[in-house]
Protein chains: 2
Amino acid sequence: MAQVIADRRDVDFVLHEQLEVGEFSKTEKFAEFTRKTVDLIINEARNLAVKEILPTQKIGDEKGCAFDGGKVTVPEEFHRIYKLFREGEWLAMNEDPQWGGQGMPRTVALAANDFFNGANYAFIMYPGLTHGAAKLVEVFGSDEQKRIFLKKMYSGEWTGTMLLTEPEAGTDVGALQTTAVKNEDGTYAITGNKIFISSGEHDLTENIIHPVLARIEGAPEGTRGISLFLVPKYRVNPDGSLGEFNDVVCTGIEHKMGIHGNATCSLTLGGKGNCIGTLLGEENKGMKAMFLMMNEARALVGMQGFCCASAAYLNAVNYARERIQGKHLLQMMDANAPAVPIIQHPDIRRMLLKMKSLVEGMRSLLYYHGYLDDLKHLSDDPEEIAKLQGMIELLTPIVKGYITDRAFEVCSEGVQVFGGYGFISDYPQEQLLRDCRITQIYEGTNGIQAMDLLGRKLGMNQGKPVMDLLAEMNRTIAAAGEIPALEDFVADFKAAVKKLGEVGMHMGMTAMSPKVLNAFAFAHPFMEVTGDVAVAWMLLWRASIAGRKMDGAGKKDKVFYEGQIRSAEYFIKSVLPITLGKMNAILTNNGAAIEISEDAFGGR
Amino acid sequence: MAQVIADRRDVDFVLHEQLEVGEFSKTEKFAEFTRKTVDLIINEARNLAVKEILPTQKIGDEKGCAFDGGKVTVPEEFHRIYKLFREGEWLAMNEDPQWGGQGMPRTVALAANDFFNGANYAFIMYPGLTHGAAKLVEVFGSDEQKRIFLKKMYSGEWTGTMLLTEPEAGTDVGALQTTAVKNEDGTYAITGNKIFISSGEHDLTENIIHPVLARIEGAPEGTRGISLFLVPKYRVNPDGSLGEFNDVVCTGIEHKMGIHGNATCSLTLGGKGNCIGTLLGEENKGMKAMFLMMNEARALVGMQGFCCASAAYLNAVNYARERIQGKHLLQMMDANAPAVPIIQHPDIRRMLLKMKSLVEGMRSLLYYHGYLDDLKHLSDDPEEIAKLQGMIELLTPIVKGYITDRAFEVCSEGVQVFGGYGFISDYPQEQLLRDCRITQIYEGTNGIQAMDLLGRKLGMNQGKPVMDLLAEMNRTIAAAGEIPALEDFVADFKAAVKKLGEVGMHMGMTAMSPKVLNAFAFAHPFMEVTGDVAVAWMLLWRASIAGRKMDGAGKKDKVFYEGQIRSAEYFIKSVLPITLGKMNAILTNNGAAIEISEDAFGGR
């Protein structure tokens with residue numbers, strides 16, 4: 001099978017050589033997930049993704065979803081792959097078998113999702129959001145809610161969504177207007193309008209379960225008065241059969257730049273006064289529930305963006321080997337020199353190596369984020385658990401914000417490598433660029449991610465997660481330092497880590513000073529440099545493994561390991577100097593963006 | 001009229017305060033173009049652009065062009081605006097009145113085109129390409145060719161194109177396969193297939209005139225054997241009336257990411273052996289003719305990309321003033337604090353000021369490139385003319401390659417400022433991003449622009465154009481140095497110019513060394529840093545004018561001038577440090593991209 005979507009060798013490298021997930025099988029919890037089993041899982045996921053799902057990607061883009069009189073239909077080809085996806089039991093890979101999950105390590109599930117999302121993430125959002133909604137039920141639901149909804153959601157018999165955004169409440173969730181009034185039987189009458197609801201209405205399943213953020217009559221304003229409700233499209237009888245329509249009406253779907261295969265819906269709840277929901281969790285604790293799910297949800301968006309980049313890279317490198325155009329630079333003056341594959345041109349190589357290093361570094365970072373969660377679930381030491389949780393939370397804005405920003409850049413280079421063909425819909429590159437663009441916006445814009453990093457994560461627990469992360473980086477420095485070929489890179493990386501420490505200190509101090517607005521004007525650049533250092537870390541980690549194994553390796557592995565060392569070299573030598581420049585810009589603490597008067601922006 | 005497309009105050013600033021184009025009216029050639037006349041021209045262009053053309057932008061995107069049995073129809077709304085555009089005589093603004101042109105300074109025409117392209121550049125490409133094709137006829141045509149074609153093209157009665165690309169000959173023009181066989185009457189029988197032909201077929205006019213690159217039977221291989229021909233869709237009788245169909249058949253149009261309003265055609269010439277062309281210029285000198293037109297054509301593409309960015313910025317700043325979302329950062333903890341316009345949020349301000357500074361700097365650079373051409377036409381000193389031509393050619397790859405790269409970045413920020421609405425087709429931002437993307441590819445990919453800068457322009461005439469440009473920058477440094485408020489920026493800019501000189505020297509030396517491939521792997525980064533310094537130069541120039549005029553200015557002007565100083569401050573303090581980082585990366589001369597083996601890129 002050709003390498004498309006995600007490079008299998010690279011996926012295996014992260015799973016087995018970098019994170020060594022086979023070691024998990026020594027634990028009771030993950031005993032059955034030996035390396036062999038993990039390989040089989042990835043084989044199956046890759047097969048389904050490449051052979052069945054990938055062919056629907058362009059179809060989804062071209063056909064999109066149709067809206068007619070409240071009904072939404074997805075491209076008909078989606079029905080078949082949804083069935084296959086359900087049959088393969090891929091929806092709840094890392095959930096508890098008690099509720100129909102497969103009990104896999106999250107790291108392994110991420111690797112499978114790497115293929116699935118890369119194949120057609122607009123489609124994967126239907127089961128993907130179902131997973132998130134079901135998780136809310138699992139964590140916050142009553143026994144009754146779990147009994148009725150959970151298995152049907154984890155099995156994909158019903159899908160799920162998340163009803164958060166309203167026209168005047170996007171980033172500012174606390175401004176939402178949807179209301180809940182308690183009925184005598186303890187249920188709530190829900191009334192409101194929600195927009196931008198991914199998978200909000202469709203014809204894949206007979207019921208759709210909506211977790212809804214709403215304000216109970218009389219609750220405090222802002223986020224402190226928001227509660228979470230479970231609102232099915234069709235009510236469910238105690239025996240699990242479908243009851244009457246629950247007055248959740250789709251009033252339209254958005255026409256948008258990308259992810260045409262996923263229906264982005266406007267929903268009116270209780271327009272006829274007939275929408276009933278049950279409280280999920282406690283009154284006024286809706287935002288807290290949201291926050292608990294946020295690390296996973298945001299990492300998923302990071303994965304979506306990343307998968308576009310990974311696919312764009314493989315398409316680009318495969319195309320660059322086949323496309324013959326122009327002479328080799330050293331033969332320019334020879335009229336008889338043949339045209340060569342464009343992978344031989346220096347500027348194409350620059351683009352490809354930039355893409356490669358970013359894709360590899362981001363893959364490692366995404367898997368690592370999930371791996372920390374696995375370690376957390378395997379630990380019974382509260383201190384260790386707190387430490388791992390801190391690192392997960394610290395990395396979440398990087399994994400969402402930084403990765404989707406960089407993924408979009410990679411997708412754009414992917415268009416560029418294809419030249420004019422990159423702009424044409426006959427080739428996949430332009431769709432990947434369009435699909436990727438929303439990942440920088442939804443699930444908290446990347447500006448919000450940057451604020452999260454600076455405002456919440458940097459100073460969390462007196463900076464302990466930052467220290468813990470730096471300690472991990474130092475372990476990599478020590479390991480890489482033992483390999484002579486990496487000496488030079490280690491020195492550069494060390495300097496970057498040291499400077500990041502200074503920048504972090506500066507940002508923290510500024511954020512607590514009267515110049516707090518300046519600090520937040522540099523929140524996004526701060527996220528950029530932190531992300532760059534994190535990617536450099538992952539690449540150096542990878543290179544240190546490659547360097548250690550190089551000597552005894554077979555021919556194919558040698559080439560792969562060479563690629564690892566080159567990725568680290570490129571990123572450390574050609575990207576980190578730019579990162580240092582960005583750090584210098586941050587350290588100026590320049591206030592132009594804050595001090596400029598509103599009128600001086602021009603326009604009007 | 002609201003400020004959309006291009007900020008009128010900013011356009012006027014560049015024309016009258018930075019470049020002082022009113023001074024041109026002191027010359028014989030441009031005597032009638034007083035400031036008052038220039039203002040009237042811009043008024044008219046802006047009116048037509050905003051009121052008539054802009055409303056067709058989204059229509060063009062949604063309807064696109066239709067292909068049916070060799071015929072292409074454009075959105076019907078395009079017919080009306082094409083008529084208005086012709087009636088206004090906007091097609092040949094800066095051409096010789098002898099052939100129907102308006103004889104305007106190019107700088108003024110650029111300002112008018114700023115509005116036209118920003119209103120709907122997919123449409124403007126129909127007259128825009130006509131202008132370029134007609135110019136080829138004017139410069140290289142015989143008296144007969146000029147008599148028959150020129151006025152009809154400059155008036156827009158017929159449109160023009162450029163038939164260059166073939167399936168196996170994109171960047172590598174020399175690989176083209178289209179052939180020309182001389183007929184007894186001196187005309188040529190043309191046979192071949194061309195692709196990616198913008199405006200190649202449509203129903204706006206009754207005839208379309210195609211300049212075609214082809215190889216005369218027996219001509220040398222490669223670019224040395226390419227000739228230019230004039231091939232009309234319908235033959236033209238000596239009296240100017242239309243003759244028979246000339247066997248130029250449109251075989252299809254591309255479905256593409258953006259510029260849907262412009263038909264990108266595949267054309268088959270002489271499929272029935274019945275396509276006749278006349279030689280334009282000399283045999284085997286086709287590429288030379290192309291090169292002579294290149295500065296203008298590439299600057300136009302820079303303008304197209306730039307206009308998307310300019311429009312995206314104005315949309316963003318206007319939206320940010322209106323969109324209420326979230327509390328002010330300093331009132332975050334106050335539960336009763338009101339939501340504010342998002343322009344008050346630091347991260348939005350950062351994005352807006354980044355966009356603003358880039359848009360202003362790029363506008364100045366684009367106009368300046370045209371202004372040099374005006375100066376050239378006004379000079380009768382061969383040395384001065386050579387100097388100006390050198391600077392124009394040096395700046396061309398920056399004006400095309402750097403500007404379109406940065407324009408795409410600005411368009412992407414424009415999406416981000418809109419949040420979820422940025423991704424939705426109800427708002428203009430996502431279309432601007434899609435439309436902008438092709439400008440980095442066509443008329444020579446930006447990789448080719450970077451090679452042009454490094455391989456041709458840097459060392460041209462022993463580096464004299466570079467020296468001339470640096471001398472101009474030093475004039476700005478001197479002028480800005482007289483304004484105390486700019487002291488700090490001047491110092492930073494000076495340091496960047498000095499370092500750019502070192503980097504240029506390094507690149508030049510490396511390109512002539514055995515490490516030539518390394519040099520070309522850094523060609524694109526070199527274009528980036530050169531462009532950054534050029535933009536910083538323009539912004540400092542602007543700020544020095546603003547600083548000088550600030551004291552005596554009225555209230556509105558004061559605000560505008562404040563904005564100029566802030567743009568310079570932002571770019572010099574927050575972007576130039578990154579530029580310096582990019583220069584450091586270049587100076588490492590790291591060879592990872594060259595040395596990595598082809599197999600180590602993975603994939604397959």
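Welcome! Helices α7(A) and α9(A) run roughly parallel to each other, because their angle falls under the 35 degrees that count as roughly parallel. This is a predicted model, so treat the tour as a walk through a prediction.

**Stop 1: a pair of helices in chain A**

Select residues 286–322 of chain A for helix α7, then residues 382–417 of chain A for helix α9. Two packed helices are described by the angle between their axes and the distance between the axes. Here the angle is about 30° and the axes are 8 Å apart. Look at how α7(A) passes α9(A): the crossing is left-handed. Colour the residues of this contact by class and you will find 17 nonpolar, 7 polar and 3 charged.

**Stop 2: helix α10 of chain A**

Now select residues 429–437 of chain A, which form helix α10. How many of the residues of α10(A) are buried? The count is 9 of the 9, so this helix is largely enclosed by the rest of the structure. Among the buried residues are A:Q429, A:L432, A:L433, A:R434 and A:R437. To see what covers them, show α3 (55–63), α5 (106–140), α7 and α9 of chain A. Then switch on chain B as well, since the cover also includes α9 (382–417) and α10 (429–437) of chain B.

**Stop 3: three annotated spans of chain A**

Colour residues 162–269 of chain A, where an unreviewed UniProt entry lists "domain: Acyl-CoA oxidase/dehydrogenase middle". This span is 0% helix and 46% strand, and its end C-alpha atoms are 13 Å apart.

Next, choose a new colour for residues 284–453 of chain A, listed in UniProt (unreviewed entry) as "domain: Acyl-CoA dehydrogenase/oxidase C-terminal". Here the chain is 72% helix and 4% strand, with 25 Å between the end C-alpha atoms.

Finally, colour residues 469–595 of chain A, which carry the UniProt annotation "domain: Acetyl-CoA dehydrogenase-like C-terminal" (unreviewed entry). This span is 86% helix and 0% strand, and its end C-alpha atoms lie 35 Å apart.

**Stop 4: one valine**

Click on A:V248, in strand β10 (residues 248–253) of chain A. Is A:V248 buried or exposed? With 3% relative accessibility, A:V248 counts as buried. Show its surroundings, leaving out residues up to four places away in sequence: A:V248 touches A:H210, A:V231, A:P232, A:K233, A:L267, A:T268 and A:C275. For a longer view, draw a line to A:F601, which is 353 residues from A:V248 in sequence and 43 Å from it in space, C-alpha to C-alpha.

**Stop 5: a helix pair in chain B**

Move to chain B and select helix α5 (residues 106–140) and helix α6 (residues 143–154). They pack at an angle of about 155°, with their axes 9 Å apart. That makes α5(B) roughly antiparallel to α6(B). Their crossing is left-handed. Show the side chains where they meet: the residues in α5(B) include B:T130, B:H131 and B:F140, and those in α6(B) include B:F149, B:L150 and B:Y154. By class, this contact has 8 nonpolar, 3 polar and 3 charged residues.

**Stop 6: two backbone curiosities**

Find B:E20 in the loop between α1 (8–18) and α2 (35–53) of chain B. Although B:E20 is not a glycine, it has a positive phi of about 50°. B:E20 is partly exposed, with a relative accessible area of 42%.

Then go to B:R604, in the segment after α17 (592–595) of chain B. B:R604 is also not a glycine, and its phi is positive, near 80°. Its relative accessible area is 53%, so B:R604 is exposed.

Definitions and conventions: Residues are numbered from 1 along each chain as its sequence is written. Chains are lettered from A and ligands numbered from 1 in the order in which they are written. This is a predicted model: local features need pLDDT of at least 70, side-chain atom pairs count only at pLDDT 80 or more; totals for chains, interfaces and linings use all residues. Side-chain values use heavy atoms; hydrogens and water are left out. Axes are lines fitted to C-alpha atoms, for helices over the stretch in contact, and angles run from 0 to 180 degrees between N-to-C directions. Angles under 35 degrees count as roughly parallel, over 145 as roughly antiparallel, 65 to 115 as roughly perpendicular and the rest as oblique. A crossing is left-handed if the near helix is turned anticlockwise from the far one by less than a right angle, and right-handed if clockwise. Ala, Val, Leu, Ile, Met, Phe, Trp, Tyr, Cys and Pro count as nonpolar, Asp, Glu, Lys and Arg as charged, and the others, Gly among them, as polar. Buried means under 20% relative accessible area, exposed over 50%, partly exposed in between (1.4 Å probe, protein chains only). Contact means heavy atoms within 4.5 Å. UniProt positions are given in the numbering used here, feature names are shortened, and annotations may be inferred rather than shown by experiment.
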